[in-house]
Amino acid sequence: MWWEIKLNSKRLKKMIEEEFDMLSKGYFLHDLRALTLGRAYMYLGEYEEGRKYILKCIEKRRELVEEVKVKYGYESDSVAINIARIAKHMRWIGELEQMKEEFAEASRIFGRVYEKKREEGSVLALRPWGHSDFYVLWATAEYYTGNLQKAVEIKRLMEGRRGVIPGGFAECILKKDPEGIKKIMSNIIGVIKEEKMPPDEDELVDDPWHWYEEGKKILGLPSIFDVYDKSGPLFECSSEK
C-alpha cells in the first residue's frame, strides 16, 4: 500500500535499549531522550508506556520554557518555539483541548514577535528561510488552531522551502483537495525511506513522522494518532491507491 511504512521492531527495541543504556551511565533524561522512548514504545504498540515518556518529554520542555523565559522574556521567539513543540507532543497522546490552548498561545507570541522584528528590520522577518524553526512551528500553531489561511501565508513567506508541511496541508484542506494531501504524503514517505529516518526525528524542524501520522489521520488511513484521538477523517481515501 502506497501509504504504509513498515517499521523494524528490532530497530525500535534497539533504540529503547540504547536510551536506557545512556541513562544507566548517568546521562540526564532530557526531552529528546524521553521523546525517543515515547515514540519507540508507541510504534511497538505499547501505547501507555509511550504516553508516559511523552508526558516526561513535555515536562522537560516546560522546564526549558521557564529557562528561556528568564533569559529572553516571555514574548520571545524561543518561548513561542518551545510552547509549540509542547503542543505538538500533546497531539501524540490525544490531549487535544490542551494542545489547542498551547498552540493558541504560541500563535499569539509568534505574531507579536514577527511584527516587532518586521518593524525593526530584523533578519528574522527579512529572511524567513534562515529561521525555519520559527516559521514552520508558527505555521504548525496556526494549522492546529484552525487558522488555515494564515498557515498558508506563512508557507508562502518561506518561498517554497522544504518543511512547511502544515501550510501545505492547510492549502489542500481549504481547496478540498485530498489528492494534494496524498502528494505531500508521498513526498514525506520518500524522505523518511530515503534518509532512513527514525521515528524520533524531531530535531529536523519538519518532523516528517509527525506529519506522516497527521496526513494519514486527515485521509482516514490507520494512524497512530487514532489511539487517543477518535475523531473522523477530513477526507475519505482508499487505502489501496
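**View 1. Burial of helix α9 in the predicted model.** In α9, the buried residues (under 20% relative accessible area, 1.4 Å probe, protein chains only) are Ile-165, Pro-166, Gly-167, Gly-168, Phe-169, Ala-170, Glu-171, Cys-172 and Ile-173. The helix spans residues 165–174 and is mostly covered, with 9 of its 10 residues buried; helices are DSSP runs (H or I, at least four residues) numbered from the N terminus. The cover over these buried residues includes α7 (132–144), α8 (148–157), α10 (178–194) and α11. Lys-176, just after α9, adopts a positive phi of about 55°. This is a predicted model, in which local features need pLDDT of at least 70 and side-chain atom pairs count only at pLDDT 80 or more, whereas totals for chains, interfaces and linings use all residues. Residues are numbered from 1 along each chain as its sequence is written, and side-chain values use heavy atoms, with hydrogens and water left out.

**View 2. Packing of α4 against α11.** Helices α4 (residues 77–92) and α11 (residues 208–219) pack at an angle of about 50°, their axes 11 Å apart; axes are lines fitted to C-alpha atoms over the stretch in contact, and angles run from 0 to 180 degrees between N-to-C directions. Lys-88, Arg-91 and Trp-92 of α4 meet Trp-209, His-210, Glu-213, Glu-214 and Lys-217 of α11, where contact means heavy atoms within 4.5 Å.

**View 3. Surroundings of Tyr-212.** Tyr-212 is among the residues with the most contacts inside the largest nonpolar core, which has 75 residues; such a core is a set of buried Ala, Val, Leu, Ile, Met, Phe, Trp, Tyr and Cys residues joined through side-chain atoms within 4.5 Å. Leaving aside neighbours within four places in sequence, Tyr-212 contacts Trp-3, Glu-4, Ile-5, Met-185, Ile-188, Ile-189 and Ile-192.

Technical notes
Helix = DSSP H or I, 4+ residues; strand = E, 2+ residues; numbered from the N terminus. Buried < 20%, exposed > 50% of the residue type's maximum accessible area, 1.4 Å probe, protein only.
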